[in-house]
Amino acid sequence: SVILAIESSCDETSAAVCVDGKILSNNIATQAVHAQYGGVVPELASRAHLQNIVPVVDVALKKAGKELKDVDAIAFTQAPGLIGSLLVGATFAKSLSLALNKPLISVNHMQAHVLANLIPDRKPEFPFLCLTVSGGHTQIVLCKSPLDLEVIGETIDDAAGEAFDKCAKLLGLPYPGGPLIDKYAREGDPARFQFPEPKIPNYNFSFSGLKTAVLYFLMNAGKSQIYKEAFTATEEERKKFIEENLYDICASLQNRIITILLKKFAKAAKDLGVKDLCIAGGVSANSGLRQAFTEMGQKNGWNTFIPEFQYCTDNAGMIAITAYYKYLNKEFAPLTVQPAARGFE
Ligand code: ATP
Ligand code: MG
Ligand code: FE
């Protein structure tokens with residue numbers, strides 16, 4: 001089968017070609033326009049998708065050595081995401097389906113992040129557990145088969161990627177701050193500052209307390225994290241403190257996010273007796289998390305799996321591999337299918 005997949009849920013316009021379960025191309029256009037606003041501006045994202053989608057699909061087909069007439073099915077991200085962004089991909093996919101008279105496959109973006117782990121030759125065995133850590137989600141997912149996934153834990157407030165990005169913003173770093181914190185953390189001491197660990201039951205997560213702690217910590221120029229003593233430093237003192245300690249702050253903050261994530265993930269793996277563990281989503285590109293996750297696996301005798309970088313953040317390759325399993329199962333969508341801002345939550 002030749003599947004053309006489109007991803008347009010947020011600020012990446014992407015197209016990929018999957019031939020018999022192998023990804024032959026994964027073309028991603030990242031929208032630069034949002035950096036100056038400190039976050040994704042939905043209206044601008046929709047417009048950029050509209051501008052990008054035809055050339056992005058063209059290049060994906062060319063890179064795979066395929067033409068539109070070779071395509072057996074068209075897949076697209078149906079949910080979750082920004083509704084205006086999703087509408088562009090959905091409408092484009094529907095139009096192609098209609099014009100080529102080929103079936104349409106609707107894909108859930110969060111399921112696709114998980115199944116990015118089925119792209120390489122070395123795949124996890126079912127049932128496996130996946131820690132999905134992205135800009136909008138933090139989930140522990142029990143995967144019984146490609147199309148049978150169960151969310152067993154998730155964040156009750158901010159996502160892990162959101163924690164990275166919001167703390168980066170407090171440090172005066174541009175959006176998205178996650179990759180920058182990763183970069184600076186490599187030069188810093190992760191034990192220098194102690195940020196709090198939330199006490200949340202089961203396999204759930206919370207990151208909003210950490211964000212607040214970092215805010216007060218910076219407002220006090222590192223002198224204290226005690227909330228009632230907040231705002232004791234002047235703006236100048238705060239800036240100087242950040243400048244002089246940026247690497248250690250990033251390393252300590254990243255270390256705390258990683259320990260919060262992996263503690264719960266390890267608990268789930270032990271409780272459920274699952275031996276194959278995956279990570280997925282944009283934050284799985286984090287070098288500290290990748291290393292700590294791999295070490296955790298080695299220590300406990302678990303097999304660990306991490307997607308290639310291009311399949312961690314938003315990409316159509318993961319949509320294509322998910323669509324491949326849906327194609328095998330003949331799970332097609334009607335032309336009346338609607339994109340949705342929420343789903344799989
Ligand atoms: P969702 O998938 O939940 O709908 P999203 O699609 O916006 O959200 P992704 O594209 O999967 O999220 O991931 C983007 C997030 O990943 C951002 O928060 C970004 O900061 C974070 N991120 C990317 N690279 C790194 C890194 N190296 N270290 C930490 N965070 C990172
Ligand atoms: Mg993005
Ligand atoms: Fe995503």
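This passage walks through the two sheets, the helices packed on them and the ligand shell of a predicted model.

Residues are numbered from 1 along each chain as its sequence is written, while chains are lettered from A and ligands numbered from 1 in the order in which they are written. Since the model is predicted, local features need pLDDT of at least 70 and side-chain atom pairs count only at pLDDT 80 or more, whereas totals for chains, interfaces and linings use all residues.

Start with the sheet that holds strand 1. Five strands make up this open sheet, in the order 3-2-1-4-5 and with mixed pairing; helices (H or I, at least four residues) and strands (E, at least two) are DSSP runs numbered from the N terminus, and two strands pair if DSSP finds at least two bridges between them. Strand 3 (22–30) and strand 5 (104–108) sit at the edges with a single partner strand each, so one side of each has no neighbour in the sheet. From one strand to the next, the twist averages 20 degrees. Strand 1 (residues 2–7) and strand 4 (residues 73–79) run parallel and are joined by four bridges, with L4 opposite I74 in strand 4.

Two helices lie across this sheet. Helix 1 (residues 42–64) lies across strand 2 (12–19) and strand 3, at about 25 degrees to strand 2. Helix 2 (residues 83–100) covers strand 1, strand 4 and strand 5, and runs at about 155 degrees to strand 4. Here axes are lines fitted to C-alpha atoms, for helices over the stretch in contact, and angles run from 0 to 180 degrees between N-to-C directions; residues are in contact if their C-beta atoms, placed from the backbone, lie within 7 Å.

The other sheet to look at is also open, with five strands in the order 8-7-6-9-10 and mixed pairing. Its edge strands are strand 8 and strand 10 (303–305), each pairing on one side only, and the twist averages 25 degrees from one strand to the next. Strand 6 (residues 128–133) pairs with strand 7 (residues 138–145) in the antiparallel sense over six bridges, and C130 stands opposite V141. The two form a hairpin with four residues between them. Strand 7 also makes a hairpin with strand 8, with two residues in between; that pairing is antiparallel, over six bridges. On its other side, so to speak, comes the parallel pairing: strand 6 and strand 9 (residues 276–280) share four bridges, and T132 has A280 as its bridge partner in strand 9.

Helix 7 lies across strand 6, strand 7, strand 8 and strand 9, at about 165 degrees to strand 6. Helix 7 (residues 235–272) also packs against helix 8 (residues 287–300), at an angle of about 35 degrees and with their axes 10 Å apart. Residues including Q254, I258 and L262 in helix 7 meet residues of helix 8, among them L289 and F293. This contact has eight nonpolar residues, three polar and no charged, where Ala, Val, Leu, Ile, Met, Phe, Trp, Tyr, Cys and Pro count as nonpolar, Asp, Glu, Lys and Arg as charged, and the others, Gly among them, as polar.

As for ligand 1, 24 residues surround it, the closest being G135, G136, G161, G178 and G282; a residue is near if its C-beta atom, placed from the backbone, lies within 6 Å. The shell splits into seven nonpolar, 14 polar and three charged residues.
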